[in-house]
Amino acid sequence: MYRQILIHPNNQHYQLIIWRENPSLSVNYYKLNTVTYGTRSAPYLATRCLQKIADENAISYPFGAQMLKDNFYVDDGLGGSDSLNIATEIQRELIIILKRHGFNLKKWCANHPQLLKNIPLGDQEVDLDFNNGNTSTVKTLGLLWLPKTDHFCVKVKVNHQQAVTKRTATSDLEKLFDPLGLLAPVVVKAKMFIQQLWQVKLDWDEPLPEDLNIIWTKFRNDLDSLNNYKIPRHVFKGELPASTELHIFSDASEKAFGAVAYIRAVLKDRRVIVQLLCAKTRVAPLKQQTLPRLELCAAVMAAQLSWRIKTDLQIKNQPVFLWTDSEIVLSWINAQSSMYHTFVANRISEIQSLTLPDQWRHVRSKDNPADILSRGLPAFQLSECNLWLYGPLFLHGREELWPPKFFQQLEIPSDSEKENNFNLNSYRIRGQLHLQNST
């Protein structure tokens, strides 16, 4: 891609190669006329060039220009449409725009044969014959995709005969490439184990103690079950929803915390689809924190995740709901940040800057899919965990049957009371529990 972009003649002298075959010959100076791979500015220049092309063609080719502007990562483009006609038009305009500027698109792949009908076989990523049982996979940006069935899939290759050390365990963890967090309950178990290895202060190639060796060997053997794990790429499974909602759940344990997002769609025939969208986890810091503090960190992660999803998916008017099973966190979110110490105050302030207190609701721990994130799940159980894949059961019903809104006021600690000595049992609930129907 880089070699297709010319450098302005006035700037070509900044890319000089000084060369001679041997010391007896005179020195020759060569100018590199195109963007050069390996220079720090090359990715920016290439991407900026595509953005400029998109801006110049926005009026003549609006669909292709929008696709070029929003859905390209350097030289990889991933996009689509809810309509086959529009998808075909996007493809046509994109080819015209880029070919006009010296970029010929290759490695085409699609989940519908119509989109590959006019693409030469040599320009296709794989030979997809939609008339047979073709199960070819395509790898883009580290994700494996089954175009014919339109599913993401997982392939994990670990060496089961390899001795377990801190180096090999870390290497096995890195093979679980999971940018969307679809495998987060499994990955977080591995993260917690690696953190434990650092605490026992083993050398990189030192064999693990027997108890830790047994734990990791079992975890590594279970990873083979992930090779059958598939999840639909299209969150609505090919349907066009009448309305959509974003639901994000957060939770924390003493070892980890995280947030998981679901898209809830109501179809025209009033059927409801709830689909896992993405998740994010983090192990708890080695410096011990109170559980309410970790729950608050999880809530911050949920707020950040909601902002990221709304930005990336261009969600504007769809309702957003955030759920936590921590009543303390709900009370903090509904209070003024200045009432608390710095740690709590800063995180309350961030949550309130990204979300509204009215968006937050309470959920029971047993109905909270983020509870799976904070504790982890064996790999062989992931594909059968309906709570993780489809969210809590109440989301599949009418909103009036969801857990009601409620507000609790907790006794606020005085300034002299140290936050580090926070004890949930030392807080006395004041007032009554207020139930309010959701409307």
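**Exercise 1. Describe the overall make-up of the protein.**

Solution. Begin with contacts: of those with a separation of 6 or more, 66% join residues 24 or more positions apart. The model is a predicted one. Next, count the elements: the protein has 12 helices and 15 strands. Then take the extent: the C-alpha trace spans about 85 × 60 × 50 Å along its principal axes. Finally, turn to the surface: about 25400 Å² is exposed, and carbon and sulfur atoms supply 50% of that area. Of the 439 residues, 43% are buried.

**Exercise 2. State how far apart the mean positions of the positive and negative charges are.**

Solution. The protein has 50 positive and 44 negative charges. Their mean positions are 4 Å apart.

**Exercise 3. Find the nonpolar cores and say which helix gives the most to the largest.**

Solution. Step one is the background: in soluble globular proteins, nonpolar side chains tend to be buried together. Step two is the largest nonpolar core, which holds 48 residues. L223, L226, F249, V260 and W388 have the most contacts inside this core. Step three is the helix: α5, residues 184-199, gives the most, with 7 residues. Step four is a second, separate core of 39 residues, with A252, A259, W332 and I348 among them.

**Exercise 4. Check the lengths of helices α7 and α9 against 1.5 Å a residue.**

Solution. Helix α7 covers residues 291-312, which is 22 residues. The expected span is 1.5 Å times one less than the number of residues, so α7 should span 32 Å. The end C-alpha atoms of α7 are 31 Å apart, which agrees. Just after α7, Q314 takes a positive phi of about 55°.

Helix α9 covers residues 342-354 and has 13 residues. The expected span of α9 is 18 Å, and its end C-alpha atoms are 18 Å apart, so the two values agree.

**Exercise 5. Name the buried residues of α9 and the elements they pack against.**

Solution. The buried residues of α9 are F343, V344, A345, I348 and I351. They pack against helix α7, helix α8 (327-333) and strand β13 (360-362). One of these residues, I348, also appears in the second core.

**Exercise 6. Decide whether L144, Q275 and R293 are buried or exposed.**

Solution. The cut-off for buried is under 20% relative accessible area.

- L144 is in strand β6, residues 143-146. Its relative accessibility is 17%, so L144 counts as buried.
- Q275 is in strand β11, residues 272-283. With a relative accessible area of 2%, Q275 is therefore buried.
- R293 is in helix α7. Its relative accessible area is 7%, so R293 is buried.

**Exercise 7. List what surrounds L144 and Q275, leaving aside neighbours within four places in sequence.**

Solution. L144 is in contact with T137, V138, K139, H151, F152, C153 and K155. L144 and V154 are 10 residues apart in sequence, and their C-alpha atoms are 6.6 Å apart. For comparison, the C-alpha atoms of L144 and R293 are separated by 37 Å, with their positions 149 residues apart along the chain.

Q275 is in contact with I231, P232, V235 and K237. Its other contacts are A261, Y262, I263, L389 and Y390.

**Exercise 8. Place K107, R270 and Q161 in their loops and decide whether each is buried or exposed.**

Solution. The cut-off for exposed is over 50%.

- K107 lies in the loop between α3 (84-100) and β5 (138-140). At 63% relative accessibility, K107 counts as exposed. K107 is not a glycine, yet its phi is positive, about 55°.
- R270 is in the loop between β10 (256-266) and β11. With a relative accessible area of 73%, R270 is exposed. Phi of R270 is near 75°, a positive value in a residue other than glycine.
- Q161 is in the loop between β7 (151-153) and α4 (166-174). Its relative accessible area is 74%, so Q161 is exposed. The C-alpha atoms of Q161 and K106 are separated by 40 Å, and the two residues are 55 residues apart along the chain.

How values were computed:
Residues numbered from 1 in each chain as written. Predicted model: local features only at pLDDT ≥ 70, side-chain atom pairs only at ≥ 80, totals over all residues. Heavy atoms only, no water. Helix = DSSP H or I, 4+ residues; strand = E, 2+ residues; numbered from the N terminus. Buried < 20%, exposed > 50% of the residue type's maximum accessible area, 1.4 Å probe, protein only. Contact = heavy atoms within 4.5 Å. Areas by Shrake-Rupley, 256 points an atom, 1.4 Å probe, with all protein chains shown as cover. Lys, Arg positive; Asp, Glu negative; His and termini not counted. Charge placed at Lys NZ, Arg CZ, Asp CG, Glu CD. Core = buried A, V, L, I, M, F, W, Y, C linked by side-chain atoms within 4.5 Å.
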